[in-house]
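Visitor: I am new to this structure and would be grateful for a close look at a single part of it. Please choose one short stretch, describe what surrounds it, and then lead on from there.

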Amino acid sequence: MSDKDFKELILQGIPDSLPPKPVYETSVNHAPGRKDILSGEEKKLAIRNALRYFPKKFHKELAAEFLIELETYGRIYMYRFKPDYRIYARPISQYPCKSIHAAAIMHMLSNNLDDTVAQHPQELITYGGNGAVFQNWAQYLLTLKYLAIMDDSQTLVLYSGHPMGLFPSHKDAPRVVVTNGMVIPNYSKSDDYEKFNALGVSQYGQMTAGSFMYIGPQGIVHGTTITVLNAGRRKSGPDMKNLSGKIFVTSGLGGMSGAQPKATVIAGGICVIAEVNPKALKTRHEQGWVDEVYSDLNTLMNRMKEAQEKKEAVSLAYLGNVVDLWEKLAEDDCFVDLGSDQTSLHNPFAGGYYPASLSFEESNRMMREDPERFREKVFESLKRQVLAINKLSEKGMYFWDYGNAFLLEAGRAGADVFAKGKGKGNGMDEEFRYPSYVQDIMGPLFFDYGFGPFRWVCTSGDPKDLETTDGIALKVLETIAKKAPPEIIMQMQDNIHWIREAGKNKLVVGSQARILYADCEGRMKIAEAFNLAIRLGIISAPVVLGRDHHDVSGTDSPYRETSNIYDGSRFTADMAIQNVIGDAFRGAGWVSIHNGGGVGWGEVINGGFGMILDGTEEAEMMLHWDVNNGISRRSWARNEAAMFAIKREMERTPGLVVTLANIVDDGVIDGVFD
Ligand SMILES: NC(=O)c1ccc[n+]([C@@H]2O[C@H](COP(=O)([O-])OP(=O)(O)OC[C@H]3O[C@@H](n4cnc5c(N)ncnc54)[C@H](O)[C@@H]3O)[C@@H](O)[C@H]2O)c1
C-alpha cells in the first residue's frame with residue numbers, strides 16, 4: 001500500500017461503506033473466549049452501545065453480527081473493522097498529521113497493535129492476557145483519525161479506549177489524556193470488570209498497553225536481568241558476578257514473562273521455563289528468546305543436569321504445565337537455586353492461569369462454559385504448585401513473587417504461603433513466607449534510589465538513530481558515574497554494562513526502542529543530550545521518552561511496586577494520582593492513569609506518560625517531578641535508600657524542599673506501651 005493510500009485510510013476514520021465480512025484467522029494467537037456474564041437485557045445494551053459508532057444504514061447487519069461476537073467471544077471486538085493495512089510503528093513521516101507530537105503518538109500506539117509485537121492483536125490486546133489498547137476496532141479507527149486532524153491547540157480525551165473527542169486546550173498541554181478502567185471503588189471486583197468490559201464501557205489497560213508505551217519484551221529484559229542477578233546475590237552474597245551454574249525455574253513465555261530466559265542467559269545462568277500455550281512458546285523460540293524446547297520431563301531433567309554440570313548459559317523451555325514441572329523437580333529431589341512464577345495470575349480465571357490436570361484446550365472451554373468449576377481447578381492447581389515449591393525452598397531455593405499476584409491468589413486458594421508468626425504492624429494483616437521481588441530487590445536497590453524502567457523510542461524507525469542514542473546515553477552515564485556516591489555505584493555500573501551491550505543483544509522487537517533503568521539525574525541528562533542531538537540533526541527525527549508504570553512514582557500497588565512501603569500507606573493511591581496530575585501540567589506529551597495493571601483490577605492504580613523530544617524544547621521539570629514524587633513518598637515512609645536519595649536531590653536541585661521524616665527510637669515507642 002502506498003503512503004498516500006495509508007494516509008487516506010487514516011483520515012477516513014469509520015468507513016463510509018461496510019468492509020467485507022470478517023474471517024476468523026485461526027493461525028494467530030487469539031484471546032480466550034470471555035465469560036458470558038451479561039443478562040439478556042444487558043446484551044441488548046452492549047449492542048446498542050457498540051452501534052453508537054456507526055451510521056444507521058449499517059445497524060441491522062452489524063447488530064446481528066455483534067450479537068454473534070458477544071455470544072461467541074464474550075466481547076464485541078468489531079473484527080470486520082480491523083484495517084487491511086499492516087499496523088506497525090511506521091516512520092513518523094508516514095502518518096498524516098498537523099501536530100508532530102500527535103504523529104509520534106500514532107507511532108507508539110501502532111507498535112502496541114503490531115501483529116509481531118502484540119499478544120492477541122485481533123482483540124487489540126498487547127500483553128498480559130487482557131492488556132488492551134482499545135476495546136474495539138471502531139475506537140482504533142476514530143482515534144487515529146482524531147490524531148491525524150488535531151493540532152497543537154487541542155487535546156484528545158480517551159475514556160478506556162473510547163475517543164470522547166478533541167477539546168481546545170493549549171500548546172503546552174498534553175496532546176492526549178488517557179484513563180483506563182477507572183471506576184467507583186466499590187465496583188472494582190473482577191466480575192465488575194468483566195461486565196463493564198462486555199458492555200463496552202471500560203477496559204483493562206494493563207500498564208504500557210493502554211498507555212501506548214509497550215516496547216516489546218525488551219521493555220522488561222533489563223529489569224528482569226537485574227532482578228535475577230540480584231536474586232542470585234541474595235543467595236550467594238553481594239560479590240557474585242553472574243549466575244554461572246545456577247538454575248532458575250519459572251513459567252510463562254508471554255509478553256513480559258518471555259523475557260526471563262533471555263535475561264537469565266544474559267546473566268550467565270540456566271533458565272528452565274514452562275509454557276502451556278504452544279503458540280506463545282513457538283513465538284519466543286522463533287525470536288531466539290528461548291534456546292531449546294522439550295515436551296518430555298525426563299529428557300528435560302537430564303538436559304538441565306548437564307547444563308548445571310557444564311555451567312552453560314542456556315534457556316530450556318518445557319511445553320506443558322508449570323505445576324507438572326515443579327512436582328517433577330520436587331519428586332526427583334533436584335537442586336534449584338532460584339524460583340519464581342510468571343503466569344498471569346492478575347487474571348486467574350479468564351486465561352491468565354492454566355490449571356494442572358486440564359489440557360490447554362479443556363481449560364479454554366471450561367473457563368467459559370463452567371466458570372465455577374474452573375475456579376476450583378485453579379485453586380487446586382495453585383495448592384499443588386505451592387506444595388512442590390515449599391519442598392524445594394526448604395532445601396535452599398530462593399523463591400520470590402514476581403508481581404503477578406501469585407502469592408495473593410495462592411493465599412486465596414488456601415495454599416500454604418503465609419509466614420508463621422510474622423506480619424502484623426507493617427500495614428497488612430498477614431505476611432507471606434516469600435518476598436515479592438520489590439520487597440527484596442527492586443524496592444530497596446532501585447525504586448528507593450529513583451532507578452526505574454525509563455525508555456526511549458526513535459520515531460524515524462531507523463536502527464542507526466537507536467545506535468546513536470545508545471552511544472549518547474553511554475557517554476552521559478559514564479560522566480555521571482565518575483561522581484556517583486558508593487550507594488548507587490553498582491546500579492550505575494550495571495547500567496553502563498547494559499547500554500554498552502544492548503545493541504549486541506538484539507533486543508528490538510517492533511519499534512526502535514531502548515530500555516534503561518536510569519535514575520532522575522540520568523533520565524534528565526540523557527533527555528537533554530538527545531534533544532540537542534535532534535536539534536543538530538545527529539538524530540534524524542523526534543525521540544519519545546517514557547517509562548513503564550512499574551516505576552518509582554507512577555504506581556500504588558500494595559503487593560508489588562509499593563510492597564516495600566511499611567508505614568501503613570501502601571493501600572493508599574495518592575502518589576499515583578499526584579504523579580499523573582503533576583506530569584500533565586509539567587510538560588508531558590500524553591498522560592495516562594489506570595485501574596489494574598500487573599496485579600489485577602481493583603488491586604492497583606498506575607499511571608504513566610510519554611514525552612516527545614523534537615529538538616525545540618525540553619520538559620525537564622516533568623522528568624524531575626516524575627521521579628522525585630516517588631522518592632519523597634518512599635523517604636517519608638522511612639525507607640533508608642529513599643531518605644538518602646531525596647537529600648541528595650535537594651542538594652542538586654534549587655527549589656526542591658521536601659518534608660523529611662524524624663525517626664523515633666524503638667525504645668521510646670516500646671517505653672510508652674510497657
Ligand atoms: N516481568 C516482570 O518484570 C513483571 C513485573 C511485574 C509483573 N509481572 C506479571 O507477570 C505476569 C505475566 O505477564 P505476561 O505479560 O508475560 O503475561 P502473558 O499472559 O503474556 O504470559 C503468561 C504466560 O503464562 C502461561 N501460563 C499460564 N498458566 C500456565 C501454567 N500453569 N503453566 C505454564 N504456563 C502457563 C500463559 O500461557 C502465558 O503465555 C503478569 O501477571 C504480569 O503482571 C511481570
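**From one helix to its wider setting**

Guide: Helix α15 is followed by G414, whose phi is positive, near 90°. This description concerns a predicted model. The helix itself spans residues 406–413 and is mostly covered, with six of its eight residues buried. Those buried residues are F406, L407, L408, E409, A410 and A413. A general point about helices helps in reading such a list: an α-helix has 3.6 residues a turn, so residues three or four places apart point the same way. The cover over the buried residues of α15 includes α12, residues 348–352, and α14, residues 371–394.

From the helix we may turn to the ligand. There are 36 residues around the ligand, and G254, G255, S257, G403 and N404 come nearest. The elements that give two or more residues to this shell are α7 (218–236), β7 (270–275) and α11 (322–331). Of these, α7 gives the most, with three residues. Sorted by class, the shell has 14 nonpolar, 21 polar and one charged residues. Domain 1 (3–199) and domain 2 (218–399 + 401–430) both give residues to the shell, so the ligand lies between them.

A further part of the picture is the largest nonpolar core. In soluble globular proteins, nonpolar side chains tend to be buried together. Here the largest nonpolar core has 194 residues, of which I105, L147, V272, F530 and V543 touch the most other members. Helix α5, residues 137–149, supplies the largest share of this core, eight residues. L147 offers an example of the packing: leaving aside its neighbours within four places in sequence, it is in contact with A102, I105, M106 and L156.

V543, another of those core residues, leads to strand β14. Five of the five residues of this strand, 543–547, are buried, so β14 is largely enclosed by the rest of the structure. In a regular strand the side chains alternate between the two faces of the sheet. In β14, V543, L545 and R547 point one way while V544 and G546 point the other way, and all are buried.

Two strands pair with β14. Strand β12, residues 452–458, pairs with β14 in the antiparallel sense over five bridges, and C458 has V543 as its bridge partner in β14. Strand β17, residues 605–613, also pairs with β14 in the antiparallel sense, over four bridges. There, the bridge partner of V543 is L613.

Methods
Residues numbered from 1 in each chain as written. Predicted model: local features only at pLDDT ≥ 70, side-chain atom pairs only at ≥ 80, totals over all residues. Near = placed C-beta within 6 Å. Nonpolar A, V, L, I, M, F, W, Y, C, P; charged D, E, K, R; others polar. Domains from an automatic or database assignment. Buried ≥ 20, exposed ≤ 12 C-beta atoms within 10 Å, placed from the backbone. Contact = placed C-beta atoms within 7 Å. Core = buried A, V, L, I, M, F, W, Y, C linked by C-beta atoms within 7 Å. Pairing = 2+ DSSP bridges.
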